[in-house]
Amino acid sequence: MAVSLRDSVQLVSDPRNLDASVEEVFRLMLGVSCRRDSGPVTEDLESVTAVVGFGGMLSGACVFSSGSSAAIEIAAHLTGMEFAEVDDIVKDGIGEICNMLAGAWKGKVPDLAAHCGLSVPAVITGRDYKLHVQAPEFQLHHFYRFDGASFAVTIVCDGLQ
Amino acid sequence: MSEIRALIVDDSAVMRKIVERALRQAGLNLMVVHEAGSGIEGLDILKAREVDLILSDINMPLMDGLEFLREIRAQNLAPGVPVVMITTESSEEHVKQAILSGAQGYIRKPFTSEQVKERVLPLVNAA
């Protein structure tokens with residue numbers, strides 16, 4: 001029987017799956033507890049954004065975004081190293097965090113886990129840029145915080161079979 | 001425990017270090033850790049070096065982990081050496097593909113050192 005995610009769009013777009021994925025990844029890989037936050041509080045001009053694409057029965061992306069100081073703090077927790085700036089190791093670490101968030105999120109729905117692939121992460125750094133998606137099927141955009149670090153995770157779905 | 005020569009294949013250098021740290025926390029006595037950023041690099045290392053344990057990601061550019069695994073078997077590299085896949089892909093289908101391609105173990109990212117211990121130590125001890 002052909003599988004369709006259209007019948008389970010409520011399950012796929014359940015915002016609790018994203019919260020559970022963030023909690024799981026940060027608890028297991030960083031040893032910290034994250035909580036939902038109302039909005040961004042970063043004053044950093046520099047942003048770090050990691051993108052992992054979804055392909056297959058769901059197309060779209062998982063996007064992680066934070067200021068540079070939060071990215072440095074997350075990478076420090078992940079690696080046990082100290083960083084003075086957003087270098088290649090920090091970018092690599094943030095890309096892996098995004099990769100695990102994307103994998104954990106799609107793993108919450110068995111049909112999605114089985115019929116949706118992940119791209120390798122891409123990491124973008126810079127100032128004053130915004131992510132635009134035209135007419136997505138659905139979009140989840142949540143803010144989180146642990147210690148002094150705040151970040152956002154976005155799931156954008158622009159196609160669902 | 002005897003000294004282990006490990007090969008860790010992942011396109012992320014950070015993740016290779018995290019896997020190495022988890023192996024040490026799991027109690028493995030790592031003598032040498034070879035690192036490869038792709039399946040192609042992993043094959044090159046296996047042609048030149050002997051290892052006792054292979055851990056590989058699946059989603060990688062150039063040559064993914066499943067193709068790497070099939071090439072190991074096709075070229076009869078590292079015979080009898082256990083291979084454990086460490087990946088964000090968690091579906092039954094991915095696990096099945098990995099096992100059919102010759103993996104003995106499967107660990108989903110994110111992981112704990114306890115999970116690494118449970119899945120890797122028995123394979124190393126049995127090899």
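In this predicted model, A:Ile74 counts as buried because it has 25 C-beta neighbours inside 10 Å, and 20 or more are enough for that label. The residue sits in helix 3 of chain A. Leaving aside residues up to four places away in sequence, A:Ile74 touches A:Leu30, A:Gly93, A:Ile94, A:Ile97 and A:Ala149. A:Ser150 is 76 residues away from A:Ile74 along the sequence, yet their C-alpha atoms are 9.7 Å apart in space.

Helix 3 of chain A itself runs over residues 68-79. At 1.5 Å a residue, its twelve residues should span 16 Å, and the end C-alpha atoms are indeed 16 Å apart, so expectation and model agree. A:Ile74 has plenty of buried company in this helix: A:Ala70, A:Ala71, A:Ile72, A:Glu73, A:Ala75, A:Leu78 and A:Thr79 are buried too. The cover over these buried residues includes helix 2 (15-30), strand 2 (46-56), strand 3 (58-67), helix 4 and strand 7 (149-160) of chain A, along with helix 1 of chain B. Just past the end of helix 3, A:Gly80 takes a positive phi of about 75°.

Next comes the nonpolar core. The largest one holds 84 residues, and the members that touch the most others are A:Ile94, A:Ile97, A:Cys98 and A:Leu101. Helix 4 of chain A provides the largest share of this core, with nine residues. As for A:Ile97, its contacts include A:Val25, A:Ala50, A:Phe64 and A:Leu78, as well as A:Ile74, when residues up to four places away in sequence are not counted.

Helix 4 of chain A (residues 88-106) also meets the other chain: its axis and that of helix 1 of chain B (residues 13-25) come within 8 Å and cross at roughly 75°. The two helices are therefore roughly perpendicular. The meeting point brings A:Ile89, A:Asp92, A:Gly93 and A:Glu96 together with B:Ala13, B:Val14 and B:Met15. Sorted by class, that contact has four nonpolar, one polar and two charged residues.

Taking the two chains as a whole, 18 residues of chain B are in contact with 22 residues of chain A. On the chain B side, the elements giving two or more residues are helix 1 and helix 4 (92-100). Helix 1 of chain B supplies the largest share of that side, four residues. The mix on this side is an even one, with six nonpolar, six polar and six charged residues.

Terms used:
Residues numbered from 1 in each chain as written. Chains lettered and ligands numbered in written order. Predicted model: local features only at pLDDT ≥ 70, side-chain atom pairs only at ≥ 80, totals over all residues. Axes fitted to C-alpha atoms, helices over the stretch in contact; angles between N-to-C directions. Parallel < 35°, antiparallel > 145°, perpendicular 65-115°, else oblique. Contact = placed C-beta atoms within 7 Å. Nonpolar A, V, L, I, M, F, W, Y, C, P; charged D, E, K, R; others polar. Core = buried A, V, L, I, M, F, W, Y, C linked by C-beta atoms within 7 Å. Buried ≥ 20, exposed ≤ 12 C-beta atoms within 10 Å, placed from the backbone. Expected span 1.5 Å × (residues − 1).
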